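Here is a set of exercises to work through with the model open beside you. Try each task on your own before reading its solution.

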Amino acid sequence: MGNSQDETEDLQAKSGDDGGTIPEDAFVIIDGTRVIPLTQAVVNIGRRIENTLVLDDPRVSRTHAQLRAINSRYIIFDLNSTGGTFVNGERVNQCILYPGDVISLAGADLIYGQKNPPPRPDLKETAPL
């Protein structure tokens, strides 16, 4: 059985399509100072040096999470990490990212940003009366 990262990379390669365009001028901020542009359809995050985004933090799993560009948005997927993946304090297995979202990988925080994002759904309009 392969690991989750290999399986998701295989799915990406087989599809031959990133599901849409890569979000315009997307980035993450690490440690409040380092701005990392996101320019690939699939961004693997973890401690392993083979990852697209390497986080040298013992709380982060070797293959912790993955960002995938789908329909001009990045979606974060937890790759069965030990410490979990959180967006704005909520534990997630997968989640659409919006500018200003705080991604916590077992306590290591990243801030997501993007130019001209699709609008965030208004929860008040979608909630039942």
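The exercises below concern a predicted model, and each task is followed by a worked solution.

**Exercise 1. The chain as a whole**

Task: Find how many helices and strands the chain has, and the order in which its elements run.

Solution:
- Step 1: Count the elements. The secondary structure comes to 2 helices and 11 strands.
- Step 2: Read them off from the N terminus. The elements run α-β-β-β-β-β-β-β-β-β-β-β-α.
- Step 3: Add the overall burial. Of the 129 residues in the chain, 39% are buried.
- Step 4: Look at the surface. The accessible surface comes to about 7700 Å², and carbon and sulfur atoms account for 52% of that.
- Step 5: Turn to the contacts. Among those between residues at least 6 apart in sequence, 37% join residues at least 24 apart.

**Exercise 2. An antiparallel sheet**

Task: Trace the order of the open sheet of 6 strands and name its edge strands.

Solution:
- Step 1: Recall what to look for. Strands of a sheet pair through backbone hydrogen bonds, either parallel or antiparallel.
- Step 2: Follow the pairing. The 6 strands form an open sheet in the order 2-1-11-10-7-8, with antiparallel pairing.
- Step 3: Find the edges. Strand 2 (34-38) and strand 8 (90-92) are the edge strands, each pairing on one side only.
- Step 4: Check the twist, which averages 30° from one strand to the next.
- Step 5: Zoom in on one pair. Strand 7 (residues 85-87) and strand 10 (residues 102-105) pair in the antiparallel sense over 3 bridges, and Val87 stands opposite Ile103 in strand 10.

**Exercise 3. A mixed sheet**

Task: Work out the strand order in the open sheet of 5 strands, and explain why one side of strand 4 and of strand 9 is left without a neighbour in the sheet.

Solution:
- Step 1: Set out the order. This open sheet runs 4-3-5-6-9, and its pairing is mixed.
- Step 2: Explain the edges. Strand 4 and strand 9 each have a single partner strand, so one side of each has no neighbour in the sheet.
- Step 3: Follow strand 5 into strand 6. These two pair in the antiparallel sense over 6 bridges, with Gln66 opposite Phe77 in strand 6.
- Step 4: Inspect their hairpin. There are 2 residues between the strands, and Asn71 takes a positive phi near 50°.
- Step 5: Move on to strand 9 (residues 94-96). Strand 6 and strand 9 pair in the antiparallel sense over 3 bridges; Phe77 stands opposite Gln94, and Ile76 stands opposite Cys95.

**Exercise 4. Inside strand 6**

Task: Decide whether Ile76 is buried or exposed, and describe its surroundings.

Solution:
- Step 1: Place the residue. Ile76 is in strand 6.
- Step 2: Apply the cut-off. Ile76 has a relative accessible area of 0%, and buried means under 20%, so Ile76 is buried.
- Step 3: Widen the view. Strand 6 is largely enclosed by the rest of the structure, because 5 of its 6 residues are buried.
- Step 4: List contacts beyond four places in sequence. Ile76 touches several residues, including Ala65, Leu67, Thr85, Val87, Asn93, Leu97, Ile103 and Leu105.
- Step 5: Compare sequence with space. Ile76 and Val92 are 16 residues apart in sequence and 8.6 Å apart in space, C-alpha to C-alpha.

**Exercise 5. Rings and a charge**

Task: Find the aromatic pair that Tyr74 forms and classify its geometry.

Solution:
- Step 1: Count the pairs. There is 1 aromatic pair.
- Step 2: Describe the geometry. Tyr74 and Tyr112 lie 6.4 Å apart, centre to centre, with 80° between the planes; planes over 60 degrees apart count as edge-to-face, so this pair is edge-to-face.
- Step 3: Locate the partners. Tyr74 is in strand 6 (residues 73-78) and Tyr112 in strand 11 (residues 108-113), 38 residues apart, so the pair links distant parts of the chain.
- Step 4: Check burial. Tyr74 is buried at 0% relative accessible area, and Tyr112 is buried at 1%.
- Step 5: Look at another ring. The charged end of Arg68 sits over the ring of Phe77, 3.7 Å from its centre.

**Exercise 6. A loop residue**

Task: Locate Asp57 and decide whether Asp57 is buried or exposed.

Solution:
- Step 1: Asp57 is in the loop between strand 4 (53-54) and strand 5 (65-70).
- Step 2: Its relative accessible area is 16%, so Asp57 is buried.
- Step 3: Leaving aside neighbours within four places in sequence, Asp57 is in contact with Arg47 and Ala108.

How values were computed:
Residues numbered from 1 in each chain as written. Predicted model: local features only at pLDDT ≥ 70, side-chain atom pairs only at ≥ 80, totals over all residues. Heavy atoms only, no water. Helix = DSSP H or I, 4+ residues; strand = E, 2+ residues; numbered from the N terminus. Buried < 20%, exposed > 50% of the residue type's maximum accessible area, 1.4 Å probe, protein only. Contact = heavy atoms within 4.5 Å. Phe/Tyr/Trp six-rings, centres within 6.5 Å; stacked < 30°, edge-to-face > 60°. Lys NZ or Arg CZ within 6 Å of the ring centre and 35° of its normal. Pairing = 2+ DSSP bridges. Axes fitted to C-alpha atoms, helices over the stretch in contact; angles between N-to-C directions. Areas by Shrake-Rupley, 256 points an atom, 1.4 Å probe, with all protein chains shown as cover.
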